[in-house]
Amino acid sequence: MTAGGGPAAGGRSPRRVALITGGNRGIGLGIAEALARDGLDLMICGVEPEAAAACARLAATGVAAHYVTADIADAADRDRLVDAVWARFGRLDVLVNNAGIAPKTRADILDAELASFERLVQVNLQGPYFLTQAVARRMLADAVPVGPRAVVFITSVSATVASVDRGDYCISKAGLAMAARLWAVRLAEHGIPVYELRPGVIRTDMTAGVTEKYDRLIADGLTLERRWGAPADIGRAVAALVRGDLPYATGQVLTLDGGLSVATL
Ligand code: NDP
């Protein structure tokens with residue numbers, strides 16, 4: 001599904017183009033809105049059959065927004081997604097690996113099940129790792145780079161903060177943090193900076209089931225800034241990275257958690 005303009009079939013978008021996995025809601029939509037404000041054309045994906053409302057909202061800023069249904073854990077879907085980007089826009093400048101899942105139920109690691117672990121690693125780690133490979137191959141094959149490029153990985157404070165009731169999630173995010181470093185090293189010689197952005201507690205569908213718990217924890221001082229994070233907070237930070245406002249910083253971790261990870265005594 002497409003909203004807004006865009007190049008004719010087979011043409012190349014005159015604007016920079018970003019692919020944001022899971023850009024149809026939550027943090028991904030916050031990122032998509034921020035990049036749309038900066039004038040990037042957008043490809044977003046999710047597992048839902050359509051995302052008409054999100055595309056219309058993004059296109060209202062004057063950019064083209066296109067949605068493809070694709071499960072990033074599935075190799076054939078990843079290839080189809082990358083093909084769709086080049087078919088629709090003829091180029092890709094920015095990849096934001098945002099899509100991710102939490103465990104269906106939080107279970108103590110003494111009781112947790114293999115199926116949940118496998119699914120979380122497939123979606124949160126294997127998916128973005130190999131999607132980056134597929135995207136990087138195509139980017140590097142483009143004869144003439146068309147604009148400053150960047151890759152952003154959305155990990156989590158859970159990459160380092162241990163939660164024994166969702167070990168699968170923590171491990172998937174710790175692995176993803178290493179994936180970001182690996183791709184930073186591999187793509188540096190091609191002039192493509194890679195960043196890891198580590199959010200704290202952000203108000204989205206993912207955290208809707210634990211609202212009361214985090215309301216209480218935040219009121220009790222879990223974060224130095226006593227509020228929930230918002231998708232727009234993450235969107236503004238990604239937009240700054242994509243604009244190149246943090247030069248000389250490839251491979252670095254940007255933590256946006258309201259001070260949650262600041263150790264105090
Ligand atoms: P939401 O649950 O609100 O949204 C998840 C998004 O990912 C949706 O767009 C969903 O698409 C998409 N998605 C899920 N699984 C797949 C898949 N297999 N293939 C493609 N797309 C998929 O989550 P958030 O916005 O809260 O989280 C976004 C990212 O930020 C995740 O990686 C999460 O781990 C991370 N994060 C979130 C925090 C929080 O507090 N919310 C904190 C730290 C990190 P669809 O709508 O089609 O289901």
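Reader: Which residues are linked with Asp38 in a network of salt bridges?

Author: A salt bridge here is a side-chain nitrogen of Lys or Arg within 4 Å of a carboxyl oxygen of Asp or Glu. In this structure, Asp38, Arg243 and Asp245 are joined in such a network. Please keep in mind that this is a predicted model, where local features need pLDDT of at least 70 and side-chain atom pairs count only at pLDDT 80 or more, while totals for chains, interfaces and linings use all residues. Residues are numbered from 1 along each chain as its sequence is written, and side-chain values use heavy atoms, with hydrogens and water left out.

Reader: How far apart are the closest N and O atoms of Arg243 and Asp38, and where in the chain do the two residues sit?

Author: Their closest N and O atoms are 2.8 Å apart. Helices (H or I, at least four residues) and strands (E, at least two) are DSSP runs, numbered from the N terminus. Arg243 belongs to helix α7 (residues 231-243), and Asp38 to the loop between α1 and β3 (41-46), so the pair links distant parts of the chain, 205 residues apart.

Reader: Is Arg243 buried or exposed?

Author: Neither label fits: buried means under 20% relative accessible area, exposed over 50%, and partly exposed in between (1.4 Å probe, protein chains only). Arg243 has 45%, so the residue is partly exposed. Asp38 is partly exposed too, at 35%.

Reader: How many salt bridges are there by this rule?

Author: The count is 14. One of them pairs Glu33 with Arg57, with 2.6 Å between the closest N and O atoms. Here helix α1 (residues 26-37) holds Glu33 and helix α2 (residues 52-59) holds Arg57, 24 residues apart.

Reader: Now the ligand. Which residues come nearest?

Author: A residue is near a molecule if one of its heavy atoms lies within 4 Å of it. Of the 30 residues around the ligand, Asn24, Arg25, Asn98, Tyr169 and Thr204 come nearest.

Reader: What polar contacts does the ligand make with Asn24 and Tyr169?

Author: A polar contact is a pair of N or O atoms within 3.5 Å; within protein, one must be able to donate a hydrogen and the other to accept it, and residues adjacent in sequence count only if both atoms are side-chain atoms. A polar side-chain atom of Asn24 is 2.5 Å from a ligand oxygen. For Tyr169, an N or O atom in the side chain lies 2.6 Å from an oxygen atom of the ligand.
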